[in-house]
Amino acid sequence: MIIEVKVPQLSESVSEATLVSWHAKEGQAVKRDQNLIDIETDKVVLETPAPADGVLVKIIKGNGSSVTSLDLIAQIDTEAKAGASNEGAPAPSAATPAAAAAPAGAGAAASINGPAARKILNEKGIDEASVQGTGPGGRVTKADAIGAGKPAAPSAATVVPVVVGAGQPLPQPPSPVSVESVLADRAEQRVPMSRLRARIAERLLQSQATNAILTTFNEVNMAPVMEMRKRYQEKFEKEHGVKLGFMSFFVKAACAALKKYPILNASVDGNDIIYHGYIDIGIAVGSPRGLVVPILRNADQMSLADIEKKIAEFGQKAKDGKLSIEELTGGTFSISNGGVFGSMLSTPIINPPQSAILGVHATKDRAVVENGQVVVRPINYLAMSYDHRIVDGREAVLGLVTMKEALEDPARLLLEI
């Protein structure tokens with residue numbers, strides 16, 4: 001019985017996907033629920049399980065193919081035996097007489113000549129063995145391949161200068177410089193963007209093209225948060241099973257500011273401003289595939305422990321490529337923590353259609369003035385980019401000040417003042 005393997009139903013926001021890597025070959029036996037292929041969308045990588053036990057008899061669309069929801073990509077025969085699809089095909093080890101008779105020189109040329117040179121010679125229809133290489137060990141370089149087949153230029157010995165006037169020869173023009181010859185045999189690699197990377201590029205350009213982005217900055221003395229964290233870290237971890245980090249404090253401080261200044265939690269739709277009655281905060285997370293922003297739903301209603309657990313879960317899922325489309329959809333405000341990589345200061349780009357984003361950076365001991373005295377304090381520079389079309393400087397600056405005050409006096413977060 002032939003079973004069809006189809007692309008899973010994609011979300012409405014995802015119109016197209018790419019087949020990344022088949023984990024089974026034609027003729028190979030597969031088990032039900034075994035992952036056959038990874039399908040990459042602009043948000044996540046989806047696994048496609050085998051619908052039944054059997055043999056993968058036909059792969060209809062190979063790696064790199066673009067697909068949409070419910071496209072047919074393969075067939076499984078539940079009654080076939082492994083290797084059936086390869087019947088009648090010549091054994092891989094059976095070399096043809098022509099291959100056996102290939103001259104040793106051709107094999108040697110293929111082994112020492114670079115792939116770029118071979119490609120150019122193949123396009124010109126020129127035998128590699130007929131080209132005199134100028135590289136080490138007689139290697140045919142890219143420049144040699146480019147010049148192959150062209151008429152030889154006259155040697156310097158045969159060029160007769162034309163004497164004019166007082167018997168001085170005409171100056172010879174300098175030889176043109178070939179970029180190909182300069183870059184010959186320099187390693188390069190051309191790799192197409194993944195769907196996620198292309199989507200990130202598209203959204204960032206869209207953000208800069210459609211938003212009036214402005215950034216405001218402030219500095220925060222992180223000593224109170226660090227003291228609280230140090231004091232309660234052991235008890236917190238024992239009680240909740242997760243370490244108390246800094247991100248939960250930044251999230252709660254952001255929630256306090258968004259409640260006080262709802263325009264920072266709003267978005268633009270045409271000529272309308274949409275005020276959201278909820279706070280969903282996106283947390284920018286680096287992954288092997290690129291930057292992803294999973295969402296903390298109703299972040300204002302979450303405890304510090306809930307936030308830390310969810311962020312840890314997002315981090316592991318991003319590492320394993322297991323984030324779902326639902327976890328990456330939506331969001332009314334975002335936080336980007338470049339401090340984990342050592343960033344001192346940056347201007348984050350708004351994640352459309354949101355109207356603001358908070359950038360958090362590395363906390364470092366810095367000299368500051370308190371009560372007329374120079375003292376050393378652990379300082380973190382906060383940066384908030386906002387859409388000046390709907391957010392005025394007053395709300396942006398006061399919103400960031402609210403975050404600063406909450407972090408410098410964490411009791412405000414508990415008392416909601």
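1. Start with the greasy spot on the outside: V179, V182 and L183 make a nonpolar surface patch of about 260 Å². A patch here takes residues with over 30% relative accessible area and no salt bridge, with nonpolar side chains (Val, Leu, Ile, Met, Phe, Trp, Tyr) joined within 5 Å and like charges within 9 Å. Areas are Shrake-Rupley values with a 1.4 Å probe, and for residues only the protein chains shown count as cover. L183 sits in the loop between α5 (179-182) and α6 (195-210). At 38% relative accessibility, L183 counts as partly exposed; the classes are buried under 20%, exposed over 50%, and partly exposed in between (1.4 Å probe, protein chains only).

2. A word on what you're looking at. This is a predicted model, so to speak of local features pLDDT must be at least 70, and side-chain atom pairs count only at pLDDT 80 or more, while totals for chains, interfaces and linings use all residues. Residues are numbered from 1 along each chain as its sequence is written, and side-chain values use heavy atoms, with hydrogens and water left out.

3. Now the overall picture. The protein chain has 11 helices and 21 strands, taken as DSSP runs numbered from the N terminus (helices H or I, at least four residues; strands E, at least two). Of its 417 residues, 36% are buried. The accessible surface of the protein chain comes to about 24200 Å², and 55% of that belongs to carbon and sulfur atoms. Among contacts with a separation of 6 or more, 62% are between residues 24 or more positions apart; contact means heavy atoms within 4.5 Å.

4. On to the sheets. One open sheet has four strands in the order β5-β4-β2-β7, with antiparallel pairing. Its edge strands, β5 (45-49) and β7 (66-67), each pair on one side only. Strands β2 (residues 17-22) and β4 (residues 35-40) are antiparallel and share four bridges; two strands pair if DSSP finds at least two bridges between them. If you want a register check, L19 has I39 in β4 as its bridge partner.

5. There's also a hairpin to look at. Strand β20 (residues 364-370) runs antiparallel to strand β21 (residues 373-387), and seven bridges join them. V368 has V375 in β21 as its bridge partner. Two residues lie between β20 and β21, and N371 in that turn has a positive phi of about 55 degrees.

6. D77 deserves a click. This residue is found in strand β8 (residues 72-77) and, at 17% relative accessibility, counts as buried. What lies 2.9 Å from a polar atom of the D77 side chain? The backbone nitrogen of E79 does. Leaving aside neighbours within four places in sequence, D77 is in contact with M1, I2, G54, V55 and V57.

7. Then the charges. Side chains of opposite charge can pair when their charged atoms come close. The cut-off used for a salt bridge is a side-chain nitrogen of Lys or Arg within 4 Å of a carboxyl oxygen of Asp or Glu. The count comes to 12 salt bridges.

8. Which residue forms a salt bridge with K322? It's E47, with the closest N and O atoms 2.7 Å apart. K322 lies in the loop between α9 (304-320) and β18 (333-337) and E47 in strand β5, so this pair ties together parts that are 275 residues apart in sequence. K322 is partly exposed at 44% relative accessibility, and E47 is partly exposed with a relative accessible area of 44%.

9. R297 and D280 meet in a salt bridge at 3.6 Å, N to O. R297 lies in the loop between β17 (295-296) and α9 and D280 in the loop between β13 (272-274) and β14 (281-283), so the pair ties together parts that are 17 residues apart in sequence. Buried or partly exposed? R297 is partly exposed, with a relative accessible area of 36%, whereas D280 is buried at 8%.

10. Last one: K317 and E327 form a salt bridge at 2.8 Å, N to O. K317 lies in helix α9 and E327 in the loop between α9 and β18, so the pair ties together parts that are 10 residues apart in sequence. K317 is partly exposed at 23% relative accessible area, while E327 counts as buried at 14%. Both belong to a network of salt bridges that links K310, E313, K317 and E327.

Conventions: Polar contact = N/O pair within 3.5 Å; in protein donor to acceptor, adjacent residues only side chain to side chain.
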